Amino acid sequence: MIAIIGLALGILIGFFIDPTVPVWLQPFLPVAVVAGLDALFGAGRAWLEGHFHDRVFVTSFFWNVVVACLLVWLGTQLGVGSAMTTAVVVVLGIRIFSNTASIRRLLLKA
């Protein structure tokens, strides 16, 4: 419940404050958002399957974001930044679709 309140509070603050992302962080923002969504949908799936643990969710959320940003940074250092960003987004997108398919099956029993 605290996580949902924190998420709603963060969204509201984001709408009213209109934060700006520094230029040096802009390549990492889309990957960080997708990594966070991956952790969020994974948590939703785990909750529906009855084995959700908040500690696992928090650590996987931050770990996914850090690893995704490190991969983008590594790609930038190797000169393949956009290709590495695309690869990370595709892999995380596949995981998100897999988790949402499992959530759909659990909710609709189909």
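Confidence across the elements of the chain is lowest in helix α1, residues 2-17, with a mean pLDDT of 88, and highest in α2, with a mean of 92. This is a predicted model, so the caution that goes with pLDDT applies: where the value is low, the predicted coordinates should not be read in detail. For the chain as a whole the mean pLDDT is 90, and 100% of the residues reach 70 or more.

Next, helix α4. It covers residues 81-108, which is 28 residues. How far apart should its ends be? At 1.5 Å a residue the expected span is 40 Å, and the end C-alpha atoms are 40 Å apart in the model, so the two agree. Directly after α4 comes K109, and its phi is positive, near 55°.

Which residues of α4 are buried? They are G81, T85, V88, L92, G93, I96, N99, S102 and I103. Several of these sit three or four places from the next on the list, including T85 and V88. An α-helix has 3.6 residues a turn, so residues three or four places apart point the same way. The cover over the buried residues of α4 includes α2, residues 29-49, and α3, residues 54-78.

Now the salt bridges. The count is two. One joins D38 and R95, with the closest N and O atoms 2.8 Å apart. This pair connects distant parts of the chain, since D38 is in helix α2 and R95 is in helix α4, 57 residues apart. Are the two partners buried or exposed? D38 is buried, because its relative accessible area is 1% and the cut-off for buried is under 20%. R95, at 42%, is partly exposed.

The other salt bridge is between the side chains of R45 and E49, at 3.2 Å from N to O. Here both residues belong to helix α2, four residues apart, which means about one helical turn between them. R45 is partly exposed at 26% relative accessibility, and E49 is partly exposed at 36%.

On to the aromatic residues. There are three aromatic pairs in the structure. In one of them, F52 with F57, the ring centres are 6.1 Å apart and the planes are at 45°, so this pair is tilted. F52 is partly exposed at 33% relative accessible area, while F57 counts as buried at 17%. In another pair, F61 with F62, the centres are 5.4 Å apart and the planes are at 90°, so that pair is edge-to-face. F61 is partly exposed, with 29% relative accessibility, and F62 is exposed, with 52%. F52, F57, F61 and F62 together form one aromatic cluster.

The last residue on my list is A43, in helix α2. A43 is buried, with a relative accessible area of 12%. What does A43 touch, leaving aside residues up to four places away in sequence? The answer is F52 and F57, which are both members of the aromatic cluster just described. As for distance, the C-alpha atoms of A43 and L70 are 22 Å apart, with the two positions 27 residues apart along the chain.

To go back over helix α2: its D38 reaches R95 of helix α4 through a salt bridge, its R45 and E49 are paired with each other, and its A43 touches F52 and F57.

How values were computed
Residues numbered from 1 in each chain as written. Predicted model: local features only at pLDDT ≥ 70, side-chain atom pairs only at ≥ 80, totals over all residues. Heavy atoms only, no water. Helix = DSSP H or I, 4+ residues; strand = E, 2+ residues; numbered from the N terminus. Expected span 1.5 Å × (residues − 1). Buried < 20%, exposed > 50% of the residue type's maximum accessible area, 1.4 Å probe, protein only. Contact = heavy atoms within 4.5 Å. Salt bridge = Lys/Arg side-chain N within 4 Å of Asp/Glu carboxyl O. Phe/Tyr/Trp six-rings, centres within 6.5 Å; stacked < 30°, edge-to-face > 60°. pLDDT = per-residue confidence, 0-100.
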